[in-house]
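This briefing goes through a protein model with a bound ligand, topic by topic. Please keep the sequence and the coordinates open while reading.

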Amino acid sequence: MNIILLGPPGAGKGTQASRLMADRGMVQLSTGDMLRAAVKSGSPVGLKAKSVMEAGELVSDEIVSGIIGERLDMSDTANGVIFDGYPRTAAQAEQLDELLEARGRMLDHVIELSVDEDALVDRIVGRYTCAKCGEGYHDHYKQPKVAGVCDVCGSTEFKRRPDDNAETVRTRMVEYRAKTAPILPIYEARGLVARVDGMADIDQVTQAIEAILDGK
Ligand code: AMP
């Protein structure tokens with residue numbers, strides 16, 4: 001099963017994708033994570049993407065579809081993929097169709113996480129992750145049980161994304177509204193879209209997504 005999680009920054013796509021990965025053995029393909037890894041490694045893609053990402057703008061369609069194509073050729077994706085943060089433009093949606101078709105695969109669901117935009121800045125600006133295991137936390141909504149110590153792995157180092165600041169978030173929202181939201185009708189016309197309330201409790205959102213995947 002191949003699914004897309006679609007929604008503005010801070011809607012919870014990454015959180016839900018990690019849960020589905022743990023529950024169902026599907027593979028999360030996050031172009032944001034892949035690009036951050038490329039920036040960190042200083043690869044040619046990373047060098048091109050760095051300033052664009054810092055500004056909250058979109059990296060080129062060719063770059064992101066290129067890295068998705070390479071990733072889809074790895075055998076661990078055969079059981080199913082959760083696209084997280086991709087596609088983000090109509091051109092990427094078309095490129096994804098081609099990439100899947102060339103590999104004899106298809107899209108099963110597009111799940112839209114609908115959220116109250118006013119809450120997003122607060123969600124994003126407060127979030128951080130464990131530097132070691134990647135567990136997600138939030139200044140207000142999810143603090144570690146023991147202050148400064150990761151619940152999962154015990155690490156005491158945490159990190160924040162450089163683009164998770166109020167100013168960049170606004171640009172990312174504008175990009176979402178202008179370029180990403182318009183791809184929903186394309187998938188709606190194909191009967192693929194299901195909407196989930198992304199403002200609900202994290203567990204409830206997971207349950208709602210699982211129900212869609214199980215056809216309930
Ligand atoms: P994310 O982690 O999904 O919020 O993505 C972080 C940043 O990476 C975005 O603000 C963009 O600059 C870039 N990015 C991630 N995915 C894409 C994509 N599919 N198309 C273009 N840019 C992307």
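How far does a backbone N or O atom of Gly85 lie from a nitrogen atom of the ligand? In this predicted model, the separation between a backbone N or O atom of Gly85 and a nitrogen atom of the ligand is 2.9 Å. Taken alone, the ligand would expose 480 Å², and the protein buries 96% of that area. The points below take up the ligand shell, a buried acid, the salt bridges and two loops.

**Ligand shell**

- The ligand is surrounded by 16 residues, and the closest of them are Thr31, Arg36, Glu57, Gly85 and Gln92.
- Sorted by class, this shell consists of six nonpolar, four polar and six charged residues.
- With four residues, helix α2, which spans residues 31–41, gives the most to the shell around the ligand.
- Backbone atoms also approach the ligand at Glu57, where a backbone N or O atom lies 2.5 Å from a ligand oxygen atom, and at Val59, where a polar backbone atom is 3.0 Å from a ligand nitrogen atom.

**A buried acid without a salt bridge**

- Asp61 is located in helix α4, which covers residues 61–72, and this residue is buried yet has no salt bridge.
- The nearest side chain of opposite charge to Asp61 belongs to Lys179 and is 8.3 Å away, whereas the cut-off for a salt bridge is 4 Å between a side-chain nitrogen of Lys or Arg and a carboxyl oxygen of Asp or Glu.
- The side chain of Asp61 does make a polar contact, at 2.9 Å, with the side chain of Gln92, and Gln92 is itself listed among the residues closest to the ligand.

**Salt bridges**

- The structure holds 20 salt bridges, and one of them joins Arg24 to Asp214, with the closest N and O atoms 2.8 Å apart.
- That pair links distant parts of the chain, since Arg24 belongs to helix α1 (residues 13–24) while Asp214 sits in the segment after α9 (202–213), 190 residues apart.
- Both ends of this bridge count as partly exposed, because the relative accessible area is 29% for Arg24 and 40% for Asp214.
- Elsewhere, Arg127, Arg161, Asp163, Asp164 and Arg172 are linked in a network of salt bridges.
- Within this network, the side chains of Asp164 and Arg161 meet at an N to O distance of 3.9 Å; Asp164 is buried, with a relative accessible area of 9%, while Arg161 counts as partly exposed at 26% relative accessibility.
- Arg172 and Asp163 also form a salt bridge, their closest N and O atoms being 3.9 Å apart, and in this pair both residues are buried.

**Two loops**

- The peptide bond running from Tyr86 to Pro87 is cis, with omega near 0°, and Pro87 is placed in the loop between β3 (81–84) and α5 (90–102).
- Gly154 lies in the loop between β6 (136–138) and β7 (158–159), and at 39% relative accessibility Gly154 counts as partly exposed.
- The C-alpha atoms of Gly154 and Cys133 are separated by 9.3 Å, with the two residues standing 21 residues apart along the chain.

Key: Residues numbered from 1 in each chain as written. Predicted model: local features only at pLDDT ≥ 70, side-chain atom pairs only at ≥ 80, totals over all residues. Heavy atoms only, no water. Near = heavy atom within 4 Å. Polar contact = N/O pair within 3.5 Å; in protein donor to acceptor, adjacent residues only side chain to side chain. Areas by Shrake-Rupley, 256 points an atom, 1.4 Å probe, with all protein chains shown as cover. Nonpolar A, V, L, I, M, F, W, Y, C, P; charged D, E, K, R; others polar. Buried < 20%, exposed > 50% of the residue type's maximum accessible area, 1.4 Å probe, protein only. Lys, Arg positive; Asp, Glu negative; His and termini not counted.
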